[in-house]
Amino acid sequence: TKEGVSGKTVFSYDGKYGVSQFIKKYDFLNGPEFYDFKMTRDPAYVYQTETDNLAEGVSTDWFSLALRRGQSQEHNVSVSGGFKDTKFYIGAGLTDIIGVARGDNFKRITTRINIETKLLDWIAVGTRTQLNYDDASGNDVSWYSAMIANPLGKPYDDNGNYLIYPIAENITIINPLTNLAYDDLDKSYQILSNNYLNVDVPFIKGLTYRLNSGVRTRFTDAARYGGINTYSGYRTQGESRSSNSVSSNVVLENILNYNRTIGDHTIFLTGLYSYETNTSKSNSLSAEQFPNDFLSWYGVSQAAILFPSTSYRKSALVSQMFRANYSFASRYLATF
């Protein structure tokens with residue numbers, strides 16, 4: 001709703017920067033301590049991999065591997081002003097967040113244009129339009145999975161690839177870092193535009209007309225691929241899920257007002273006719289069993305198993321309203 005002031009151009013900038021980190025350090029057992037605990041409790045439940053890794057000096061701090069130093073920054077710039085019968089405000093903003101969990105990222109770019117101008121002394125038009133771009137791509141590491149991971153397990157094999165099961169004999173606990181191996185896409189684009197027309201009818205005193213039109217459209221592009229170096233891809237020989245969706249809302253409002261005072265008599269009439277429609281549609285495709293991981297979800301045509309899905313929904317609402325107010329001597333009021 002920000003507007004400029006005619007005859008004055010103002011440039012503005014504000015920025016923020018912050019850092020974040022996990023300050024509470026949990027006191028987890030290291031590799032030798034965990035091995036001694038298991039040996040004391042019941043040596044029968046000690047796995048051979050644990051014994052071998054202990055001999056190699058393995059002691060993995062999974063929680064530290066799952067976390068990082070987070071940071072966030074936000075920048076906003078704008079210019080506002082006006083000339084004659086026109087006022088404007090143009091702004092843009094950037095938000096960039098890197099979370100403390102590895103793989104947790106978010107970015108948003110926003111632009112806004114607010115313009116109002118008088119075409120004639122009795123006609124004014126305006127728009128308030130915003131464009132958004134959001135990018136939440138990436139798959140973050142689960143803190144809980146990192147907390148329960150075995151400190152005697154290795155996160156990587158000898159070639160530097162993720163080990164699905166840090167302890168080969170225990171397939172109930174997976175490597176929490178494999179979340180980072182997923183190809184993950186989550187982007188959306190949104191248009192939000194409110195436009196209006198005001199008319200003070202010159203040949204009928206007290207009669208005004210306003211047209212409101214609003215459009216909100218959002219497009220989402222999402223995809224995820226798990227190769228053989230991920231938990232789901234390891235079980236299914238490659239797994240992908242992709243979807244595209246579009247949702248839109250359109251509103252049209254026609255408002256007619258008549259306000260007139262003659263002597264002790266005041267009449268105020270309002271008529272409204274509006275139309276609103278909501279539409280949403282999506283296409284999604286899941287696939288399994290890929291010959292290789294080279295093309296990620298773009299190689300879906302090569303997958304052995306496909307699960308397509310589509311959806312569509314539309315609704316419409318038409319509304320009418322009429323109201324009449326009559327006042328006599330500012331003491332008696334009748335409303336219909």
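Student: I'm looking at S6 and S7 in this one; how many residues sit between them in the hairpin, and which turn residue has a positive phi?
Tutor: This is a predicted model, and in it S6 and S7 form a hairpin with six residues between them, where glycine 206 in the turn has a positive phi of about 90°.

Student: OK, and how many bridges do S6 and S7 pair over?
Tutor: S6 and strand S7, which covers residues 207-226, pair in the antiparallel sense over 18 bridges; as an example of who faces whom, aspartate 183 stands opposite tyrosine 225 in S7.

Student: What about S5, in which sense does that strand run against S6?
Tutor: Strand S5 (residues 123-135) and strand S6 (residues 183-200) run antiparallel and are joined by 13 bridges, and one pair you can look for is threonine 129 with its bridge partner in S6, serine 193.

Student: Switching topic, which residues make up S9 and S10?
Tutor: Strand S9 spans residues 265-288 and strand S10 spans residues 305-328, and these two pair in the antiparallel sense over 24 bridges; within that pairing, tyrosine 273 has glutamine 320 in S10 as its bridge partner.

Student: And how many bridges join S10 to S11?
Tutor: Four bridges join S10 to strand S11, which takes in residues 332-335, and the two run antiparallel; among the partners, tyrosine 326 is matched with alanine 334 in S11.

Student: Which residue in the turn between S10 and S11 has a positive phi?
Tutor: That is alanine 329, with a positive phi of about 60°, in a hairpin where three residues lie between S10 and S11.

How values were computed
Residues numbered from 1 in each chain as written. Predicted model: local features only at pLDDT ≥ 70, side-chain atom pairs only at ≥ 80, totals over all residues. Heavy atoms only, no water. Pairing = 2+ DSSP bridges.
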